[in-house]
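Here are my comments on the model you sent round. Please keep the structure open while you read.

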Amino acid sequence: MRTQRQVVDYSLQKRAVLRELLAGRVGTYDVCDASPYLKNAARFHGEPTDRRCPICRSENLTLVHYIYGDELKQSAGQARTLTELPVLAMTLREFQVFVVEVCLGCDWNHLVEQYLLGRDGLAGDNDGAGEQDVAVEGAGRRRREAQR
């Protein structure tokens, strides 16, 4: 997506969790704790991948995209499909996307990345600046008329 910005990748954190698990300092029940809501979101809104689960190695991982932002109002916190994100990015100014990988077999889940989407990321978009210039110009005109 061309408006994707401020990307945060959590792969180093994932490696650290897996290292702790393999060393025996963390139990499988501590990392395989996907909630029923997350599993349902993965079933109905998730994007299947070809990557195997790092825990059970029998199921492929599913990516779930959660959206958050002020303009979303009641839709904030909902899972959306990957195909819905570009449409939202062109209609909303800015919102944040959290990508979670889920294994439906063993309940492994981990935050993969987060990023911002929206019209504010478009290079030629000056909606906010143009409106602000008009407002400043209008205020200056009113002041001059009041002085006459």
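The points below go from the overall fold to single residues.

1. Status and fold. This is a predicted model. The protein chain has 5 helices and 6 strands. Along the sequence, the order is β-α-α-α-β-β-β-α-β-β-α.

2. Burial and surface. Of the 148 residues in the protein chain, 34% are buried. The exposed area is about 9,600 Å². Carbon and sulfur atoms supply 49% of that area.

3. Contact range. Take the contacts in the protein chain with a separation of 6 or more. Of these, 59% are between residues 24 or more positions apart.

4. Strand pairing. E5 and E6 run antiparallel and are joined by 8 bridges. One pair to look up is valine 99 with its bridge partner in E6, glutamate 113. E6 also pairs with strand E1, residues 5-9. That pairing is antiparallel too, with 3 bridges. Here arginine 5 stands opposite leucine 116 of E6.

5. The hairpin. E5 and E6 form a hairpin, with 6 residues between the two strands. Check aspartate 107 in the turn: its phi is positive, about 75°.

6. The largest nonpolar core. Which residues build it? There are 12: Leu63, Ile67, Leu72, Leu85, Leu88, Ala89, Leu92, Phe95, Val97, Val99, Tyr115 and Leu117. Four elements each supply at least two residues of this core: strand E3 (60-68), helix H4 (84-91), strand E5 (95-102) and strand E6 (109-117). Val99 thus appears twice in this note: as a core residue and as the bridge partner of glutamate 113.

7. Leucine 72. This core member touches Ile67, Leu92 and Phe95, leaving out residues up to four places away in sequence. Those three residues belong to the largest nonpolar core as well.

8. Valine 64. Is this residue buried or exposed? Valine 64 is buried, because its relative accessible area is 0%. Valine 64 lies in strand E3. Beyond neighbours within four places in sequence, its contacts are Leu38, Ala41, Ala42, Gly46, Ala79, Phe98, Val99, Val100 and Val102. Between the C-alpha atoms of valine 64 and leucine 82 there are 8.5 Å, with 18 residues separating the pair along the chain.

9. Threonine 81. This residue sits in the loop between strand E4 (79-80) and H4. Its side chain makes a polar contact of 3.1 Å with the side chain of threonine 83. Threonine 81 also touches His45 and Glu47, again not counting residues up to four places away in sequence.

10. Cysteines. How many disulfides does a search of the whole structure find? The count is 0. Two cases deserve a look. The closest cysteine sulfur to that of cysteine 56 is in cysteine 103, at 3.6 Å, so the two are too far apart for a bond. For cysteine 106, the closest cysteine sulfur is in cysteine 53, at 3.5 Å, and this is also too far for a bond. The cut-off for a disulfide is 2.5 Å between the sulfur atoms. Cysteine 56 counts as partly exposed because its relative accessibility is 30%.

Terms used:
Residues numbered from 1 in each chain as written. Predicted model: local features only at pLDDT ≥ 70, side-chain atom pairs only at ≥ 80, totals over all residues. Heavy atoms only, no water. Core = buried A, V, L, I, M, F, W, Y, C linked by side-chain atoms within 4.5 Å. Buried < 20%, exposed > 50% of the residue type's maximum accessible area, 1.4 Å probe, protein only. Contact = heavy atoms within 4.5 Å. Areas by Shrake-Rupley, 256 points an atom, 1.4 Å probe, with all protein chains shown as cover. Pairing = 2+ DSSP bridges. Polar contact = N/O pair within 3.5 Å; in protein donor to acceptor, adjacent residues only side chain to side chain.
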